[in-house]
Each structure stands twice: as structure tokens, then as C-alpha cells.
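Trainee: Hey, got a minute? I'm new to this one and would like to walk through it with you.
Mentor: Sure, pull it up and ask away.

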Amino acid sequence: MISPHSERGERGAPQAVTAVRRTGTPPPPSGPPAWDGPPPVGASPVRVSPLDRVKRITDRVSIRWRLTLTYGALFFVAGALLLFVMYVMVAWAIDVAWPPHTAFDYPPEDEWKVKQYWALQRDSAIIVARQHMLTRSLLALVGLGILALIIGYVVADRALKPIQQMTTTARTLSDSTLAHERIDLKGPNDELKELADTFDAMLTRLNVAFDAQRRFVANASHELRTPLTINRTVLEIALGDPEASADLKTLGRTLLEVNARNERLIEGLLLLARSERELSVRKPVDVKEVAETAVEQLAPRAEEAGVTVAAELRNAETVGDPVLLERCVANLVENAIKHNLPESGKVWVRTGMVEGALVVQVANTGPHVPAYEVNSLFEPFRRLNADRVDSAKGAGLGLSIVRAVVRAHGGNVAAVPRDGGGLVVTVRLQPR
């Protein structure tokens, strides 16, 4: 598997691009965070009552099996009640149908003996009939109970089928499919149909909200580019004036840097808005070539920052937008270079196929990243240990654009803290 903590050799690896040096030592192993301390002082185990334990067990049972067991239990209760009624009625039926002893000729002096014998035979017939009926009824009840569980499971499956359809639709939804993906449940106007229609209406409202947000970001970004371009032109003209004072030129250069940062922010917002739309360009792309281009473009910046970039790139083809994919990889590498050690920093870039999936992985040395901070780094304008502050290194849109591009291509991106500091970001895409 492609991993920054797997042992790799030099054989079969492509040559590093310009200004990229290869290191033979892979990064230290990384993995999920582990609890590394004792529990708080005074902490005691929580006592759980038997009722709570039973409730916990029942809470783990799925709704399908709850319905099945409920159906089987009701059947058993109804069968047991019917068996009890039949058990009582057998005695009554035999007693009514038993012929009287007066129907036979016998001497009067033997009447008491015959009557007693006849009652004994009737009671014996009732007992034997009850025993046979009870034995066979219990066997039939067990067989029908098993059949009831099977039928109950099938009935529960059919009853839960609309909910499965809703779950499947919700699982496949993304920002790009909200416009045309709906449950559209057919059937009578019952509770499930009402739930599905409510869910569809919510999806429509979400789609409108997402579209409005994207249009606002795109329009605002376009509108802001014009004044920033004018400001940059005016500042460049002022700096080119030979009669300008040194203080004015210093102020002009400062304002020009601020203006350039704002332009980069606007470009990032435009790219983010574009990445969150459905792809308009789909063509075969080799991610190896994309990564080579990104690493080569950022090589001067890595050399300036004193960061060593090691590239192990293998062919991995997919279908998508080459420009967006290149921006995605470039953002990962650029982010790894920015947030690195001040001296002797390292970045590892790898591409290839792993278990049938296209994988791009970028790891770097750098400051320690708490595990609880990792997911928030993919939010716009979020930075490690800062929220909209300390923006000298960027606008905080790099990983947000990466996530938007990956989602637009039907993939996923994950990050974990790297042992010793830094981050390991893994992108998985569908192969061609």
C-alpha cells in the first residue's frame, strides 16, 4: 500500500524532477491517535443495572429484527391462547358427546358399578385426548412459529424497503447531485410517502441554498477582481515614478503585497466555487503526470524554504478535469511546503494504484497536529491553531479546494497526524 511509512527502495522509482532531492529514508510510521495516559484521578466505573444492560442489548438489535421478533412473539402468544382454548374445549366436547350409561342393558343391582366405570372411561378419554392434542399442537406451534419468523422477516423487509431507498439516495447525494437526485417514492399517501416527500422538499431547498451560495461567491469574486486590478495598476505606476519618495515607495510596496494577497484570495474563492460544481470537463488523466507538473512548478519554492521533496510517482489513470486535479495536487504539495519545519523540512509525494483505487498521498514534517484539529483544516479559512488570524502563509483555502475537487471527482480525502509532527493526506479517486 502506498504509505509514507512503508519501506521503499530506489529500484524502479522515477527520476526526481528539477530541484527535487530524493531521500532514502521514509517518514516515521503514523496512525490513528492512541490514549496515552491513565484515566482522571477519582474516576470510578459506572454501575449498570440489569435493566440498563437489557436495554443496551435491545438497542443493538436492528429495526428489521425487532419487527421480525415482534411478529413472531405475537404469533406465539396468539397460538398459545388458541391452544389453551382448544385444551378446555376438548374436555367439554368429549363430555357432551359421551353417550349416557343408560343406553345399555344391565341388571339394576349393577347400576352404581356401571355408572362409576362409565365415568372413569369418559375421564380417561378426556385425558388421553388432551395429551395427544397438546403434544401435536405444541409441535405444530413450533413449526408454525419458525414459519412466522420467516414470514415476519419478509414482511419487515418489504415494509422497510422505502426506508432503504431513502437511505441509498441520501448516501449517494453530494453537492453536485442535489439538482437531479430525488427519492420520488411511489405508493399510497401513508407515513412513509409523507416522509419521502418531506425529504425531497428538503433536498430541493438545500439545492437552492447551495446554488445561491456558489453564485454569490462567484459573482462577488468577479466583482472584487476589477477594483483589485485597478489598485495594482495604480500602485505599480506610483512605484515606477522616479520622483516618488522612499517612504511612498515603501508604502506602495506594502500595499502591493496586500493587494496581491487579496487577489490570491479571490482566485482561491473562484476556484473553490468552480470545484463545488458538477464537472464540465471529463477526459482521461494520468495523475502521475499531474503530480510531476505540480512538484516541478513548486520546486523553486521548496528550495527557497529549505524543504526536500521526495517523489515516488507511478502511473494511475482516471477521468476528470486535468486543471482541477493539478490544482488539487499542487495545493497539497504547497500546503506541505508552507507548514513545515523552518530547517531541513521534508515532503513525500506518492501516486499509484492501491487495492483497485487511485491514490495520491502527500506527507510532510512540521509542527504537531492534534487529531481533533485535522477535520477542521478542510473548512474554508481555517488554519492550525488559528481562525481567520495569522494569515501570512495563506488564506486558508488550500485544503478546502482539495476536498471540493476530490468530491467533484467522486473520491474522498482523509488526513491523519504524522508521528513526529506534520500531516499525512491521502486522496482516493476512481480509476479509469
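Trainee: Which residues does Asn331 touch, leaving aside those up to four places away in sequence?
Mentor: Gly398, Ile401 and Val402. Keep in mind that this is a predicted model.

Trainee: Okay, and where does Asn331 lie?
Mentor: In helix H7, which covers residues 322–338.

Trainee: Is Asn331 buried or exposed?
Mentor: Buried: its relative accessible area is 6%, and the cut-off for buried is under 20%.

Trainee: Switching topic: how many aromatic pairs does the structure hold?
Mentor: Just one. The rings are those of Trp65 and Tyr153, with centres 5.2 Å apart and planes at 50 degrees.

Trainee: Why is that pair called tilted?
Mentor: Under 30 degrees would be stacked and over 60 edge-to-face, so planes at 50 degrees make the Trp65–Tyr153 pair tilted.

Trainee: And which helices do the two rings come from?
Mentor: Trp65 sits in helix H2 (residues 63–97) and Tyr153 in helix H3 (residues 111–172). They are 88 residues apart in sequence, so the pair ties together separate parts of the chain.

Trainee: How accessible are Trp65 and Tyr153?
Mentor: Trp65 is partly exposed at 44% relative accessible area. Tyr153 is partly exposed too, at 33%.

Trainee: What about salt bridges, how many are there?
Mentor: A search of the whole structure turns up eight. One of them joins Arg64 and Asp157, whose closest N and O atoms are 2.6 Å apart. That pair links distant parts of the chain, with Arg64 in helix H2 and Asp157 in helix H3, 93 residues apart.

Trainee: Where do those two stand, Arg64 and Asp157: buried or partly exposed?
Mentor: Arg64 is buried, with a relative accessible area of 16%, whereas Asp157 counts as partly exposed at 30%.

Trainee: Which residue does Glu312 meet in a salt bridge?
Mentor: Arg314, at 3.4 Å from N to O. Glu312 is buried at 7% relative accessible area, while Arg314 is partly exposed at 36%.

Trainee: Which residues are joined into one network?
Mentor: Arg301, Arg327, Glu334 and Lys338, through salt bridges that share partners.

Trainee: Last one: what's the N to O distance between Asp123 and Arg122?
Mentor: It's 3.8 Å, and their side chains form a salt bridge. Asp123 is partly exposed at 36% relative accessibility, and Arg122 is partly exposed with 26%.

Definitions and conventions. Residues numbered from 1 in each chain as written. Predicted model: local features only at pLDDT ≥ 70, side-chain atom pairs only at ≥ 80, totals over all residues. Heavy atoms only, no water. Helix = DSSP H or I, 4+ residues; strand = E, 2+ residues; numbered from the N terminus. Buried < 20%, exposed > 50% of the residue type's maximum accessible area, 1.4 Å probe, protein only. Contact = heavy atoms within 4.5 Å. Phe/Tyr/Trp six-rings, centres within 6.5 Å; stacked < 30°, edge-to-face > 60°. Salt bridge = Lys/Arg side-chain N within 4 Å of Asp/Glu carboxyl O.
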